[in-house]
Amino acid sequence: MISWWSEEAEYIQVFGLHHFIYIGLMVTALVILLIKREQVRENADKIANVILVVSILQQVLLYSWYVFETGFNVSESLPLHICRIASLLGIYFLITKNKIALDLLFYMGLFAYGSFLYPQRVYPVYHVIGISFVINHMVTILLPYFGYIAYGWRPKWKGLLRTYAIFLAYFLFVYFLNPIIDGNYFYLKYRPFFKEWPDYLYIPAVLFVTFIGFVIAFIVARSIGKASNKVELPSNLSR
């Protein structure tokens with residue numbers, strides 16, 4: 001077994017060494033982004049292009065592994081995990097600077113925080129998919145901060161409602177798709193919490209907690225925005 005490539009490699013342990021390495025990388029990148037915010041603002045487009053290239057390479061790495069190692073098993077390989085959708089939204093935002101895409105990424109990306117804090121079925125940092133995981137989730141989490149600093153993006157209530165409606169459609173889709181393809185999208189097959197709960201309890205709880213999470217994130221982001229100096233919205237950020 002090749003430990004850095006094989007599908008049979010062991011997953012990391014929650015709050016184990018590799019988990020702390022992932023958290024450390026994310027926190028370090030966030031601190032640098034905040035400390036260097038003036039330089040980030042001055043070089044916004046150059047930095048966006050670098051992130052774009054890294055994101056595209058991560059997608060190539062991820063799906064190449066699924067093709068060559070798993071034969072592209074549709075139960076795991078489709079771009080239907082919510083963090084993978086967020087990655088594609090991030091790539092679209094980096095190309096277009098469209099604020100609607102960043103709205104969607106901001107709220108959908110909240111699930112990436114959960115993946116970092118309580119990783120499920122995640123490979124070690126030296127594994128190909130471990131590398132893909134950390135790049136994917138770091139970019140997903142940090143892009144709204146980058147958009148906030150570099151392009152003056154701010155979340156709006158309309159964006160929250162739009163994202164939640166799209167999330168409901170996504171959830172309904174994967175809920176009925178998973179049994180057909182033996183999938184685990186949105187971790188509905190291998191639940192991280194409340195594994196014994198029946199669907200009639202688990203599903204309303206997930207939908208309620210998700211909406212509350214979106215609202216809390218909106219309030220926190222708006223509060224930070226009011227407390228900080230206003231940033232003029234550049235002309236290259238699409239409306």
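A residue counts as buried when its relative accessible area is under 20%, and that cut-off will be needed at one of the stops of this tour, which leads through a predicted model.

**The whole chain**

Begin with the whole protein in a cartoon view, where the secondary structure comes to 10 helices and zero strands, so that reading along the sequence gives the pattern α-α-α-α-α-α-α-α-α-α. Turn the model along its principal axes, and the C-alpha atoms will be seen to fill a box of roughly 50 × 40 × 30 Å. The radius of gyration is 18 Å, which agrees with the value near 18 Å that a compact globule of 239 residues would have. If you colour by burial, the buried residues make up 45% of the 239 residues in the protein. Among the contacts with a separation of 6 or more, 78% are accounted for by residues 24 or more positions apart.

**The cavity**

Rolling a probe the size of a water molecule over the atoms shows where empty space is left. In this protein the count comes to one cavity of 30 Å³ or more, and the largest cavity has a volume of about 30 Å³. To find the place, select S55, Q58, S87, I135, N136 and V139, which line the largest cavity. The elements that give two or more residues to this lining are α3, spanning 44-70, and α8, spanning 128-151, and α8 gives the most, with three residues. Coloured by residue class, the lining of the largest cavity divides into two nonpolar, four polar and no charged residues.

**Q58, one of the lining residues**

Now select Q58, which is found in helix α3. Is Q58 buried or exposed? Its relative accessible area is 2%, and because buried means under 20%, Q58 is buried.

Next, show the surroundings of Q58: leaving aside residues up to four places away in sequence, Q58 touches S87, S132, I135 and N136. Three of these names, S87, I135 and N136, will be familiar from the lining of the largest cavity. With which side chain does the side chain of Q58 make a polar contact? Draw a distance from the side chain of Q58 to the side chain of S132, where the polar contact lies at 2.7 Å.

**A last look across the model**

To finish, keep Q58 selected and add R162, which lies 104 residues apart from Q58 along the chain. Between the C-alpha atoms of Q58 and R162 the separation is 28 Å.

Notes. Residues numbered from 1 in each chain as written. Predicted model: local features only at pLDDT ≥ 70, side-chain atom pairs only at ≥ 80, totals over all residues. Heavy atoms only, no water. 1 Å grid on protein atoms, 1.4 Å probe; cavity = no way out; pocket = protein on both sides within 12 Å on 5 of 7 lines; lining within 4 Å. Points joined across faces, edges and corners; volume = space filled by probe spheres on them. Helix = DSSP H or I, 4+ residues; strand = E, 2+ residues; numbered from the N terminus. Nonpolar A, V, L, I, M, F, W, Y, C, P; charged D, E, K, R; others polar. Buried < 20%, exposed > 50% of the residue type's maximum accessible area, 1.4 Å probe, protein only. Contact = heavy atoms within 4.5 Å. Polar contact = N/O pair within 3.5 Å; in protein donor to acceptor, adjacent residues only side chain to side chain. Rg over C-alpha atoms; globule rule 2.2 N^0.38 Å.
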